[in-house]
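Me: Got a minute to walk through a structure with me? I'd like to go over the surface, a pocket, some backbone oddities and the salt bridges.

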Amino acid sequence: FMNTHLTPLVLDDVEIVEHPASLQCNPGYFSQTLRIVQESLQAGTILLRTKVQLGGMIQENIVRNLPALLDNPNVSALDNLFPSVPALVVGAGPSLDANGAQLKLVQEQGILIAVDTVYKKLLSMGIEPHIVVSTDPTYLNARHFEGVNDLDETLFVFSPSVYSPIVTQLKGTKVSIPLVGSRFLATLKELYGDAATFKTGVNVGQTAFNLARFMGCDPIILVGLDYSFSPQGGPTHATGTALQRQVFVSETPGKMKVELLGTTPELEEFDPILIPGNTTDSVATNKFFFSYLRSMEEEIRQTQARVINCTEGGAKIAGAEIAPLRETIAAVCIQDVMGKSTLQMATGFFFGMFKGEGKAVVNHCLDILNTALQEAEKGIQLLGHLQFLSQDSTVEPAVLASLIQDIIQTHEALVQKQMLYVVLDEAADRVLHPFLKQSVRMMGNEPTPQNINKVLVRYQPYFTGIKQLCEQFKAIYEETLGRLEDDSFDFFQA
């Protein structure tokens with residue numbers, strides 16, 4: 001229930017009110033329910049904030065990655081490719097420093113699926129994973145591939161929202177994950193159609209785990225998925241990874257500090273959360289890692305495969321067995337699974353897709369953006385007129401009411417039966433979410449001073465923000481169209 005209704009609950013700042021009589025009758029049940037609600041709201045807040053902050057990057061990357069999506073196969077090619085084959089999902093947790101070298105024992109007797117964060121570290125250890133998974137839309141993701149141009153025999157599985165220069169930079173076999181939630185990609189029927197896919201999840205470790213499930217792997221072995229750090233302080237990630245930082249115990253009782261990623265050294269204080277450890281009584285985590293942990297546990301609850309946590313450190317992951325990595329490899333990685341050759345055969349006979357549909361969709365998006373720009377400019381002018389006339393006491397209420405109706409109709413014309421939100425998708429969230437708050441909506445239809453103020457407060461940032469977004473994405477779509485038209489070779493047109 002909480003997951004279904006998270007957006008409106010978080011958007012309108014829901015308040016938890018405790019009912020004393022219920023708490024007294026069944027304190028255990030209600031304290032547990034309260035914890036679940038609080039955790040859900042915290043996760044929802046993080047997710048909503050992330051969508052607002054990264055939504056523009058996500059949609060920009062999806063549009064810029066369109067040529068690569070048309071030129072490469074999607075994960076349908078990997079559906080149930082390795083039934084009952086062991087897979088090792090390798091994260092970049094600090095525990096990997098202690099047991100990561102044991103991954104060399106796997107060789108071709110299991111499928112190594114690495115998150116992008118740990119890819120270069122594995123290469124430095126002489127370990128070439130079968131698959132590297134990448135989803136992060138930010139420029140920080142490029143740090144995981146600095147100095148890497150050729151993936152050799154490693155398959156690059158990427159979300160269409162991944163930082164687009166990475167996809168352009170890397171040479172090798174690439175496979176995209178159809179994003180079920182992308183309204184823009186859903187318009188490209190030839191691209192994905194009825195393609196089999198899976199949920200990417202809230203972080204790249206979860207994506208890698210879900211890929212193993214999608215391929216039919218069993219058991220799924222977790223390595224380097226710590227989701228935590230030592231209560232006494234220590235590294236956040238394995239050494240040699242781009243995101244590694246240090247956590248320290250703060251001078252403030254009960255708090256810790258973490259290094260921030262940036263050009264200058266800076267520490268941020270936070271409240272640690274103590275949770276059960278995988279190999280120790282307790283470990284410390286933060287709200288982000290904790291959210292990732294809970295989300296992974298939910299995925300494990302929904303999988304039929306055996307899940308073994310061989311992280312040898314970090315947080316306890318509910319639903320996963322706990323076992324040493326070396327013993328687990330010896331027990332389950334017992335026969336050659338021909339991973340590299342099977343992956344190459346599954347993806348090697350793809351010659352690209354017809355570019356015509358992509359060009360037509362992008363051109364249609366540009367038409368929608370041009371219309372939205374015209375309506376946004378009209379809306380800004382109408383708001384200025386309303387603000388001016390509302391200060392004149394001689395103006396008839398009917399005139400003000402008519403202006404308000406014009407503004408509402410202009411908004412409807414701008415949205416174009418929701419098609420604008422197909423073109424902008426999550427990029428529109430930072431403008432749309434404040435617009436949808438209950439607190440800025442009119443109370444009735446009368447042109448009262450209170451309602452006029454609400455119209456101005458609600459629509460002024462909306463029209464201005466949408467205009468800026470449309471100008472930004474018009475340039476992005478035009479650039480993408482140019483790349484599609486400049487394609488030097490189209491197999492289907494040759």
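What follows is a quick chat about selected features of this model.

Me: Before we start, is this an experimental or a predicted model?

Reply: It's a predicted model.

Me: OK. Surface first: which residues form a nonpolar patch there?

Reply: Met-345, Phe-349 and Phe-351 do, and together they have about 420 Å² of accessible area.

Me: Where does Phe-349 lie?

Reply: Phe-349 is in the loop that runs between α12 (339-347) and α13 (356-390).

Me: And is Phe-349 buried or exposed?

Reply: Exposed: the relative accessible area of Phe-349 is 67%.

Me: Switching to pockets. What volume does the second largest pocket have?

Reply: About 230 Å³.

Me: How many residues line that second largest pocket, and which lie nearest its centre?

Reply: The lining has 14 residues, and the ones nearest the centre are Ala-68, Asp-71, Val-167, Thr-168 and Lys-174. As for helices, α4 (66-71) and α7 (164-169) each contribute at least two residues to the lining of this pocket.

Me: How do the residues of that lining divide into nonpolar, polar and charged?

Reply: Four are nonpolar, five are polar and five are charged.

Me: Backbone next. Is the peptide bond from Asp-218 to Pro-219 cis or trans?

Reply: Cis, with omega near 5°. Pro-219 sits in the loop between α9 (204-214) and β6 (220-223).

Me: What about Glu-312, what's its phi?

Reply: Phi of Glu-312 is near 55°, so a positive value in a residue that isn't glycine. Glu-312 is in the loop between β13 (307-309) and β14 (321-322), and Glu-312 is partly exposed at 32% relative accessible area.

Me: And what is the phi of Gln-418?

Reply: Gln-418 has a positive phi of about 75°, and it isn't a glycine. You'll find Gln-418 in the loop between α14 (397-415) and α15 (419-424). With a relative accessibility of 47%, Gln-418 counts as partly exposed.

Me: Now electrostatics. How many salt bridges does the count come to?

Reply: The count comes to 15 salt bridges. One of them links the side chains of Arg-64 and Glu-60, at 2.9 Å from N to O.

Me: How are Arg-64 and Glu-60 placed in helix α3?

Reply: They're four residues apart in α3 (residues 27-64), which means about one helical turn separates them. Arg-64 counts as buried at 18% relative accessibility, while Glu-60 counts as partly exposed at 22%.

Me: Those two labels look close for such similar values. What's the cut-off for buried?

Reply: Buried means under 20% relative accessible area. Arg-64 at 18% therefore gets the buried label, and Glu-60 at 22% is partly exposed.

Me: Next pair. Which residue forms a salt bridge with Lys-121?

Reply: Asp-97, and the closest N and O atoms of the pair are 3.1 Å apart. Lys-121 is in helix α6 (residues 119-124) and Asp-97 is in helix α5 (residues 96-99), so this salt bridge ties together parts 24 residues apart in sequence. Lys-121 is buried, with a relative accessible area of 11%, and Asp-97 counts as partly exposed at 37%.

Me: And what do the side chains of Arg-213 and Glu-299 meet in?

Reply: A salt bridge, 2.7 Å from N to O. Arg-213 belongs to helix α9 and Glu-299 to helix α10 (residues 287-301), so the pair ties together parts that are 86 residues apart in sequence. Arg-213 is partly exposed with a relative accessible area of 26%, whereas Glu-299 is buried at 2%.

Me: Which residues do salt bridges with shared partners join into one network?

Reply: Glu-60, Arg-64 and Glu-479.

Me: Last topic: Gly-358. Which helix does Gly-358 lie in, and is Gly-358 buried or exposed?

Reply: Gly-358 is in helix α13, and Gly-358 is buried with a relative accessible area of 0%.

Me: What separates the C-alpha atoms of Gly-358 and Leu-69?

Reply: 10.0 Å, and the two residues are 289 residues apart along the chain.

Note on methods. Residues are numbered from 1 along each chain as its sequence is written. This is a predicted model: local features need pLDDT of at least 70, side-chain atom pairs count only at pLDDT 80 or more; totals for chains, interfaces and linings use all residues. Side-chain values use heavy atoms; hydrogens and water are left out. Patches are made of residues with over 30% relative accessible area and no salt bridge: like charges are joined within 9 Å, nonpolar side chains (Val, Leu, Ile, Met, Phe, Trp, Tyr) within 5 Å. Accessible areas come from the Shrake-Rupley method with a 1.4 Å probe; for residues, only the protein chains shown count as cover. A salt bridge is a side-chain nitrogen of Lys or Arg within 4 Å of a carboxyl oxygen of Asp or Glu. Buried means under 20% relative accessible area, exposed over 50%, partly exposed in between (1.4 Å probe, protein chains only). On a 1 Å grid over the protein atoms alone, a cavity is a set of points where a 1.4 Å probe fits but cannot get out, and a pocket is an open set with protein on both sides within 12 Å along at least five of seven lines; lining residues have an atom within 4 Å of a point. Grid points are joined across faces, edges and corners, and a volume is the space filled by probe spheres set on the points. Ala, Val, Leu, Ile, Met, Phe, Trp, Tyr, Cys and Pro count as nonpolar, Asp, Glu, Lys and Arg as charged, and the others, Gly among them, as polar.
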